[in-house]
Every structure is written in C-alpha cells, then in structure tokens.
There are 2 protein chains.
Amino acid sequence: MNALPQSEIRISLDQATIQPLPNSRKIYVEGSRSDLRVPMREISQSATPTQFGGEDNPPIYVYDASGPYTDPACAINLENGLAPLRAGWIEERRDCQPVEELGSAYSRERASDPALDALRFNLKRTPLRAKPGGNVTQMHYARCGIVTPEMEFVAIRENLHRDHYLQQLRETGNQRMLDLLSRQHPGQSFGARLSERITPEFVRDEVAAGRAIIPVNINHPESEPMIIGRNFLVKINGNIGNSALSSSIHDEVDKMTWGIRWGADTIMDLSTGKNIHETREWILRNSPVPVGTVPIYQALEKVNGKAEDLSWDILRDTLIEQAEQGVDYFTLHAGVLLRYVPLTAKRMTGIVSRGGSIMAKWCLAHHQENFLYTHFDELCQILKQYDVAISLGDGLRPGSVFDANDEAQLAELKTLGELTQIAWRHDVQVMIEGPGHVPMQLIRENMDKELDWCHEAPFYTLGPLTTDIAPGYDHITSAIGAAQIGWYGTAMLCYVTPKEHLGLPDRNDVKEGIITYKLAAHAADLAKGHPGAQIRDNALSKARFEFRWEDQFNLGLDPDRARAFHDQTLPKDSAKVAHFCSMCGPQFCSMKITQDVRAYAESQGIDSQQALKQGMKDKAIEFISSGGKLYDKV
Amino acid sequence: MNALPQSEIRISLDQATIQPLPNSRKIYVEGSRSDLRVPMREISQSATPTQFGGEDNPPIYVYDASGPYTDPACAINLENGLAPLRAGWIEERRDCQPVEELGSAYSRERASDPALDALRFNLKRTPLRAKPGGNVTQMHYARCGIVTPEMEFVAIRENLHRDHYLQQLRETGNQRMLDLLSRQHPGQSFGARLSERITPEFVRDEVAAGRAIIPVNINHPESEPMIIGRNFLVKINGNIGNSALSSSIHDEVDKMTWGIRWGADTIMDLSTGKNIHETREWILRNSPVPVGTVPIYQALEKVNGKAEDLSWDILRDTLIEQAEQGVDYFTLHAGVLLRYVPLTAKRMTGIVSRGGSIMAKWCLAHHQENFLYTHFDELCQILKQYDVAISLGDGLRPGSVFDANDEAQLAELKTLGELTQIAWRHDVQVMIEGPGHVPMQLIRENMDKELDWCHEAPFYTLGPLTTDIAPGYDHITSAIGAAQIGWYGTAMLCYVTPKEHLGLPDRNDVKEGIITYKLAAHAADLAKGHPGAQIRDNALSKARFEFRWEDQFNLGLDPDRARAFHDQTLPKDSAKVAHFCSMCGPQFCSMKITQDVRAYAESQGIDSQQALKQGMKDKAIEFISSGGKLYDKV
C-alpha cells in the first residue's frame, strides 16, 4: 500500500465524456424551490419530411444520470469535484453537524500521511454526522411524515417531464400524432403499483414502507437523488474498481464518468487494489450518482488478506471511514451464517461471492457466527447517523446454473428478510441482493420469495445469467435474465460486462454493459406497463418509419454506434436522408412501399381502410397507370 | 443483371473457417447403416488439478452444424461443392427421377447464357423431381409409417451421444462426479413433450403430425438432416444475402460457412442484388445445413422491381427454379390478404416485411386476392415433388413495439393456420413465421395463439425485439425476446444482428448474431427442461471452479473470444493455469477460498457438513494455526 508517485494520478477527462449527446440539451425541471432543479435530457427532432406530412416532432425527455458533465454551462474540474447541490437541504434540517475529528482511526492515519499528499483529493469541508441520538435517514424523515427535497427531486425525476410532453402534443392539434406517440400497451405488473404521476407524497410513503430507497449519504452532497423501488423505473448499477492486478485512480474515475454518461444509475466501487481509500474519495467527489461499496474488501486489505484476522472492530472502523467519505450504500454479507456454509459443500461452484466467501472463511476459522450478523444492530446505529443504505449481500448466491435456488441460497435469503426488519427498526434503508446464475424457469421463484420473505424491500439482482456456456457474452446471457426479473419486480439490475469470468472490464466493456442493461431495464419497464415508458419507443419508431435517420440514431441509447453502423453500409451524408433502408436498398424497402400505399390511399381523399371497403377496383387501375413505378431510384 | 468479370468470383475459404475448434474433434455416430453417420463435436478436457482431486474429466459432445468444414479428413473444395451424402437414400426410395429439362424457363435461360459461364457453379448432376403423381416429402413418408434415414439421422443427432457420455461417467465409479455433471433442474415446458431419448419413430410421428419438419429438398443432398419442432432442441437461423448495394458471391459463401461454424442450424439466402440465381447455387452446393429463401424477392427482380407486374406465372417459374436448385424451405407471404392491408394503415410502422409489403402492393394495385393465397393448392402440388417445406411468412408482423399483436398481425396468423391445413393435405411440411417487435408481456400470446390457430405447426420467430430504443444492440433486445419465446415453444429462432435497422451484416456481425442466438436457444432448452441440456453448463462450471481456464474457454460457444478477453487482463500463458480469477486477483478469489474451505474439511476426514454439525471449535483453532494464510501468492 505504498503511495504512487504523483505522476500516476493525473486525472483528466476524455473530451468524449463531456460532450452533450447529439441533438441533446440538458434541461432542469424546477420543483417547489429554486434550488431544486431536476436534470433531464431533451432530445430534439427534425420535422417529418414533407411527403409524409411535414409535421413538427416534439422533443422527447429522457432520464439523465450523467450529471453536470453533459451540461456545457457547468465547468468541470475533477480536482475540485462537483458542486454539493444537496448541502443546503442537509444543513437546513439542522440534525447533523461536522465531526470533531474523523471517526475512523484508519482515516486519520491516511489523512496525516504526507506520502499520500500527492494522490489525495483535497476535500475542504468536514464530514458530517447526525447530532447525538439523531437519525438522518430518508426513511426516518418519511416515517415522520416529512417530504424532503430529495423526495420531491425523485418524484419530478421519475415523471420525466411527461405532462409537458403530452401538453406539447395536444397543442399541435394533431390527434393522430398524439395517439401514435402516447399510446402504450397495458402492462403486466405482477403486483407493482405504478402511478400515472409520481407525487412527492407517494415517494415518501414508499420509502416509509421500505418498498423503495433513496441512497443519499449526507456526506455525498454532490449526488442527484434517485430512487430504487419496484413501483418506480427500473434502475441499473455499473461496477468499477481496481484490483491488485491493475488499474489506477484515473482509470476508475474515467470508468465512473463514462458509465454514467451511458446511463448507470449507481456505481459500485469494488476496488481491492492499492489506495482504495484515496481512489474512493476521487470517485465520490466527482460522482453525481450514488456510490456503493463492499466494505469487507477494504477491511480484508487492512489485515493483509487474512480473512481469519478480520474482526468487528476493523470492519466498524471501515464503515465509519467510508460513511464519512460519503458512500451511499454498503453491501454487507450479514446473512452468511455459520450453519449455512456447509450447505455449499454440495455445490458445483461453492461460494462465488467474494464477500460471502470471506465471511464464510471467517465463520469456519473461528467457529463463530458472522460478526456482521451478531453486530447488525450496532451496525445500523452507525449507518443511520449518515444515511448509508444497506444492500444485504447474497454471499451464497449461485455461481452456476447447477447451484441455482438451492438450499444455501434460499436459507440466506430468509435471513436477509430478518435483517431487513432489524434495519427498519432503525429506519435504515435496505435493499436485497439477488442472484447470480439462474435458468429462466427458476427466476420467478427468486422474485416471489424475495417479496414475501423480505417484506417487499427492493430487490437488486446481478443478472441473472440464464446459461453458463457463453463466456465472453455474459452481458447477454444475463440481460435475458435481467429483463425478466426486472419485469417481475426487481428494482435495480447490476450489470454484467462481456468480460465477466474472464477479466477486468475496461472503458469499452463498461459502456457495453451499461447499454445492455439500460435496454434490459427499459424492456422491463415496458412489460410492467410503466406509464410513459413507450414514448421513447414510439418516437424512435416514428423516426425510423419516416426515414429520419439522424433522429433514429439520436433517440437510441447509443447514437454513436448507430451512426457508425449506418456509415459502414452507406457512408455518405446524403444517405442519412435517404428514403430507403440501408439493409435492403431502394427496391426492397418495405417501409417505402408502405408509405407509398398509404400515400396513394390518402391521395384518393379516403383512408386506405375506407378505400378498400368501398371496393376500389377502378382506383386500383388508376394506381397502376399513374403511380407506375413507385419507388424512386436514389 | 450483367455477369461479373471472372475475377470477381474468386471463392476461397478463410483458414479460420476450416480449423477445428480448440480441443475439438469431429466424431460420427453411426446409425443402423454404414452410410448413416451423424456428426457431432467432441470437446476433450484436461484432468482436474491434483489438489482438487486429480480426476479425469470426460469429453463432452455438442451439436455440430459446421459440416465437413471442421473435419480435417474432408478435403474442402468450394468449386466441387460438398459430397451428396443423402444421394443414396434419395435414390433408393425410387420415387423420383432426373428432370428431362429444367422446369423453369428462367433456369434454362441462365444455363444457356455464355456470359454467365464465369460465375456459374459447375453442377454435374441433373436435378430430381418426384415421378409423376408422386410425393417425396418427409411428411408423406412419415404418414405412410416409413422411418427414413433422414429421420433416424435427426434422432441420433438430437440425442447428442448422451447415453455414451453417461456411460463414461458411470464407468469412473465417481458418484459425486456423475451427480454433478448429469443433474438438471426440472423444466417448465408449456406443454412440450420432451423425451429422455429421441427415437426414429418419435421423429416420424412428430413429422407426421406436423409438429416438426425436416427441411430436406431432394436436390440438396449435401445437407445433413436436422429437425425443427418444439419437442426437439431449439434451432437458430442466420440470414445472409447480397443487396443491390453491396456484396458478392464470395462474401455470401463466406458468411454461410462462417455462420455454420458458430452454430447456424439453417441459413436463409435473402439476396436481392445481382446474380441471385448463381449466388444461390454456390451457397447450396457448399451448404451442409438447410437453405431457405424468399422466392418473391427474386421474382420481383425479374419484373424489374415493379410489384404490380408480378404474377403467379412468374412466381411459379421461380419456385420451380429454386426447388430444382435445392432450396429446402420457402418463405411465402400467402397470408397477406387484400382485406388485411387496410388494417395496417393505423400502424406506427406499416408493413415492415419486405415480402409482405410486395404482396400488399400487388393486392392493392390489382384489387385482387394475393396470388400466393389463391394458388396455394397448386403451389403445394409443386413443392411436394421436391420436398420443399413452406415457411408461412408473417408479412404483417409488427415493426415496432407499438404495432405488436395488432389486428393485422393476428388476422394474418389465423390465415396461416388455414393454409397450414391445406399444405398438410398435400403432406407438405410447414412452419409458421412470427414477429418481430413485441414487448415482453405480449410475447406469450403470440406463442399460445400460434399453437392454437396453426395446429402446433412449428413456430419460427424473428427475435422478437422487446424494445425499439437500442439500434446497434438489437441482437440483444431481440435475444431477450427470443429466449422467452423459445422457452414458450418456438422451434426455431431467426437471428438478428447488431446491424439490424442500420446496415448489412458483415462476417463479424454474422458471428455476433449467431452466438447471441445460440445462447438464447440454449437458455430456452434449459428452461424447457430439455433432457441433457444442462450437461454443457455443468461441465463448463466445473472447469471454471477448478481453474481449468482452457477447458472453460473451449466448452463455451466462442473459445476464441473467451481466450482473447482473458489475455487482455492476464496475457501470460502461466495465467491459464493460475488458481485465481483474473477479475479479482489472488487475494479476493472466492472460488479459491471455497476450495480451501472444502479442502480443509476433507483433510479432517469428514465432509464440511459433518464437520460443522459435530461442532468443530477445536478444529477451527487447528485450521488457523496450521492453515495460516490460505491462498498462495502466485
């Protein structure tokens, strides 16, 4: 754990990371107060080509996790970190105060080590903690009936400016356009309660009931509040983090900013390598999304990798260290009980969770109960002073299809349900982690049992991977499972990258994983029938049908790739306004033919339905003689 | 349609296409006769490392669509085409004969055009046709109670040498290994009848009932029989084909051979560009998998792209042309009825099927019923003389989530059910094409209605894509839908490549699409509970757990990518035997810890379950003092 020479922490931002996305503009929807400004991305569109009606197409609004990076009005300087947008809200509650000294011995040691000066983020403010006996969790406020600015923020955010969008559409007076763009298939929600319009009070009630969490540590005021719960949009998490083998602070900050650009709703820093403390500080100070960690990883580093030397005291110090830095949620493998460990002996792949295996080893070595479990009450006492949410880790999740839904996994899940109730007694926010590797026919059981045994606490699943036979493609084997479990009710999906099982994800893998999970989460929203979810699909399909190529690219999750793929077949700019599809060429473009059919019917002063009902044999003849060759050679 | 200069048809094979896959060997399982040799791929494995038991790991057997290309014993010469392995079986049935002259005027014209000499495949044999009044379809034989060699071939193929594999395992006398490798979760089959062991008689009965098809044109004797039906393994199709904009004969043959290497069970040649006839001949003569086409594409070329100039006569000539070349199945959009066309006027994206839009345009122009529908009986009369199966095209499939499961789509599906019964009266084999773009909650309805309305004829779906918002990633949006509909009962999944909606797939896209669909089909097999499906997952997971990196790569669908990804993090050869995972490094390898836990328990002469039950506090102390640091630094 030696300090790196200063040259190694040159932290800079790739220009690609801070460009606004094409035809996109950051907007802020203001809430009940002027310092409550909720970011969204507005994607503007071109007008429909004249021959298809020439109508204007209203901009659409999409969820935007990218923070100030994509706002040209914000000056980004990683050395300074992001503006603490929530600082005022936290302060005005008057229930916390700056710590007199750092609560963690380890933090104090790092802070006073001059060898680390070169790589330390220069944080000028003092960490906060609840006043003695206080509780600063969003769940606590919710249960006191308080609607916090954070709750109002997420309410506005979840509504995605839909009222405004529909109003715009209505103002066009174009009923067909309104119908096309706002219609949506009924969903199948498996018991989720989806509201046409999310109110701050609804958010409060969901948080109070434990069905949703808003992970917002008071020491991470830079974060833009977001919510995780099955009655809201399905979220995704991207994992980053160095390992003993590779990576640097710069690379991790780069992966974080790159990940949120493409839609990561939260980031987990799973670093296990050098300078974990300092790496995390850089990430937190520059992250507009909640950051999660697995504190046991760092604790293990502190005992030089000897799991049996871990103790509650070391972990406790680590929890305080990280809570004071601003980590928004901790994965804690508190459900790996001594008596469950032997259940994994019959498995194909044993224990595959890193945290789970560490705790299992500790339990076996000491023949004692997991200290996270035995100290869970004390742990909650600490976390409520910072509002760190708990993500109850599934340390015994299956690492292969073979091990799916086995006794060990389900035994732990039941324990997580018990722990949830303990956390809730402290008003500590909780979510439950889920598998892993699960074939499709066993996925539903995971969701149903989680809802039942864990009292509807939000489920946060890794995939699940639906087969083991495709290393190199596990972002896809898992997206199949993720879309389904998201549909059934999982609140947040933890991404899997193509490198899963094989190597550490790089920048490109992070993007591939994020986009894959964004589309899976969106497929889940559509299937649940999340109000307004289909607006973006509708807009993109309309653009596609009208050969508005640029709009089609820009409305998609990855405009850059869409454009690049189109360029490979039809590189010319003129092709971007071509009225045929690059796949089939001008002769075989079915969309073109459909347009022609529709235009013909309309040119007869009747819609095509009426045309045929009246029996239009004469008109058919006219069609042949006048229309002749219907598609223009380009 | 001018001939290309000779230099343009240099057809050659990339060396990468004919290398056996790593640690793989082509084997042939012999049937009841010496000329019935069913190819499979045997993947051998290394022994378990000594510290984990040192046991031998038996080779596993996987379905192999790659044909003679991956058999070093076969000399491949594209100019000669593949050996006609079925020629003897066809001949000995004595129910067909060489045609006196080519049945298609167009074929005769092409054959006699000296300008085409340079690009013509030099086929030395004469096409066959049923003797007058005869019927040479597999369905006809099945209904006559005959088990053909083709049926026996697919029965052996579907069993994947499982008896042999299990016998091998039993011979080791290692009960734990047998349990680990052969255990499988019960499936949810939605009414599919999956047999522990497929017999030739079962194949016959399924074909006779119309629940499965074996697409084997008597003029494509090079093909290795395969079966499409929901009571068999889920299959996948890969589309290739040139367009007016690009591609060459060489490129298409290259894509076909590359596609089958990675697992395409059938190939559709969707060419719409130059020299369709000659391109197809090269593909057929070199394809060991069934080849499908959409004959209306070529018919449209013959009338210079004017859909209204199409006629039954032109199409009829095209059907005969292609049937005599050996096309195994035709997509025919015979369900696009005049009265359904107006139903598409209310759609977001109209008609997106190329064939569907051509037929719709013809219907509207003439105000007459679709000539494929009105001549369907005559059409079946032709096809049964060659055993060309019909794939009833869904010309009105939805092209957007918005249009999913609408009136137009479902009206056509019902008509496809009527046409199925007409085809079956001629013993012509039929499958039904399905969508398209469908959000998850509407997928099941497609499957259920298809089974009901189309009398359990095999369903063959494109995706479906579960959202429209990810151009560039539609192989994934659709794999999510494909895995689900495959689970529900779809017999064959038509792949979608990353280029969908954006451009023509190249060689890399073909591979990406094929692997994505192979994993989706396999996920479906697992979920249905297809007997033995989990063997490959189990073997790969065991290799993964035992740090047999090379075996993990080789047992996967794409060993090359898995190895390359691993190399990116840990490039050294020594890392391929490293006992830790490249993702986490040696300290954090949970698998390593699990191994240690298990090894410790075993070293105490008890399994870990008993160890804990007995209360092993003393042993725990021993564990700490003796084991000390459990993971070795590498």
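Begin by selecting D64(A) and K26(A) in this predicted model, where the two side chains form a salt bridge whose closest N and O atoms lie 2.9 Å apart. Follow the backbone away from each partner and you will see that the pair joins distant parts of the chain, since D64(A) sits in the loop between β3 (60–62) and α2 (87–92) of chain A, while K26(A) belongs to strand β1 (residues 24–30) of chain A, 38 residues apart. If you switch on a surface at this point, keep in mind that D64(A) and K26(A) are both buried.

Next, stay in chain A and select R125(A) together with E222(A), whose side chains meet in a salt bridge at 2.8 Å from N to O. This pair also links distant parts of the chain: R125(A) lies in the loop between α3 (105–111) and β5 (128–130) of chain A, and E222(A) in the loop between β6 (212–213) and β7 (228–229) of chain A, 97 residues apart. Here the surroundings of each partner deserve a look, as R125(A) is partly exposed with a relative accessible area of 33%, whereas E222(A) is buried at 2% relative accessibility.

Now move to chain B and select R211(B) and E206(B), which are joined by a salt bridge of 2.8 Å, N to O. E206(B) has a relative accessibility of 2%, and therefore counts as buried, the limit being under 20%.

Return to chain A for the last selection, E55(A), K542(A), E546(A), R548(A) and D551(A), which are connected to one another in a network of salt bridges. To place these stops in the whole, note that the structure contains 80 salt bridges over all chains.

Notes
Residues numbered from 1 in each chain as written. Chains lettered and ligands numbered in written order. Predicted model: local features only at pLDDT ≥ 70, side-chain atom pairs only at ≥ 80, totals over all residues. Heavy atoms only, no water. Salt bridge = Lys/Arg side-chain N within 4 Å of Asp/Glu carboxyl O. Helix = DSSP H or I, 4+ residues; strand = E, 2+ residues; numbered from the N terminus. Buried < 20%, exposed > 50% of the residue type's maximum accessible area, 1.4 Å probe, protein only.
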